[in-house]
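Morning, everyone. I have one structure to walk through today. Please take a look at it before I start.

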Amino acid sequence: MRSITTLDLQYAHRFYGFKGEAQYLHGHTGVLTIEVEDSVEPGVNMVFPCNEIQKTAWEVLKNFDHALILREDDPLLPAVLKVYEEQGIRDGAPQNQMKGPAFKTELATAYPECRLVVTKETLTVEGMIKIVYDLLKDKLNIAKITFTSGVNAASADFSTHNQIDRCPLCGIALNEHGVCPKCGYKKQ
Ligand SMILES: [Zn+2]
Ligand SMILES: [Zn+2]
């Protein structure tokens, strides 16, 4: 069965080199739906608590929210960084608190201090799905990701087979010692 959660991401981007309006910098509220598939944990009668999927996903995905997402070869990138540098906000600002841990994958690098994500490929809805799956595939048994942004939408199905033991009392993933980080239950 599946547990399904949805997150909103507000971001700015452009399709560098694309022949259309999207070659200009613009913004979206994107809606990301993550479907997690597993057996139903009998103790709690659920696959996985949806708020926990959201928490796990948000920890990395908050780097995309209120962020600028640019392709690595986009000349806007050095231009924007120059302005941030001159303004003294490139390495952070007291008001920039919604930061996830910096990450670097094959497809994207996050710079949380200046709310920037640099991507290898153009950030289409398809591109976003590839990046998100790559970031979360080892943490969640993702069966499907759907991303909609404006009139654009895409979805992809996956088969992820992580062995994730869940707490029979609150449903969340047990840590590497078989202990529930939330309620302290220990796997026998
Ligand atoms: Zn767009
Ligand atoms: Zn628990």
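**Helix α1 and its surroundings**

Let's begin with a length check on helix α1, residues 50-61, in what is a predicted model. The helix has twelve residues. At 1.5 Å a residue, α1 should span 16 Å. The C-alpha atoms at its ends are 16 Å apart, so the expected span and the model agree.

Next, the sides of this helix. Which residues of α1 are buried? They are E52, I53, A57 and L61. Why do these buried residues count as lying on the same side of α1? Because they cover an arc of only 165° around the axis.

Now turn to the face of α1 that points away from the buried side. There you find the exposed residues N51 and K55.

What do the buried residues of α1 pack against? Two strands and a helix: β1 (2-13), β2 (26-37) and α3 (125-136).

Let's step back to the whole chain. How many helices and strands does the protein chain have? Three helices and seven strands. Their order along the sequence is β-β-α-β-α-β-β-α-β-β.

Some overall numbers. The C-alpha trace spans about 55 × 35 × 25 Å along its principal axes. The protein chain has 188 residues, and 28% of them count as buried.

Last, the contacts. Take those in the protein chain with a separation of 6 or more. Of these, 54% join residues 24 or more positions apart.

To recap the helix: E52, I53, A57 and L61 are buried, while N51 and K55 are exposed on the face turned away.

Note on methods. Residues are numbered from 1 along each chain as its sequence is written. Chains are lettered from A and ligands numbered from 1 in the order in which they are written. This is a predicted model: local features need pLDDT of at least 70, side-chain atom pairs count only at pLDDT 80 or more; totals for chains, interfaces and linings use all residues. Helices (H or I, at least four residues) and strands (E, at least two) are DSSP runs, numbered from the N terminus. The expected span of a helix is 1.5 Å times one less than its number of residues. A residue is buried if 20 or more other C-beta atoms lie within 10 Å of its own, exposed if 12 or fewer, and partly exposed in between; C-beta atoms are placed from the backbone. The arc is that of the directions from the helix axis to the C-beta atoms. Two residues are in contact if their C-beta atoms, placed from the backbone, lie within 7 Å.
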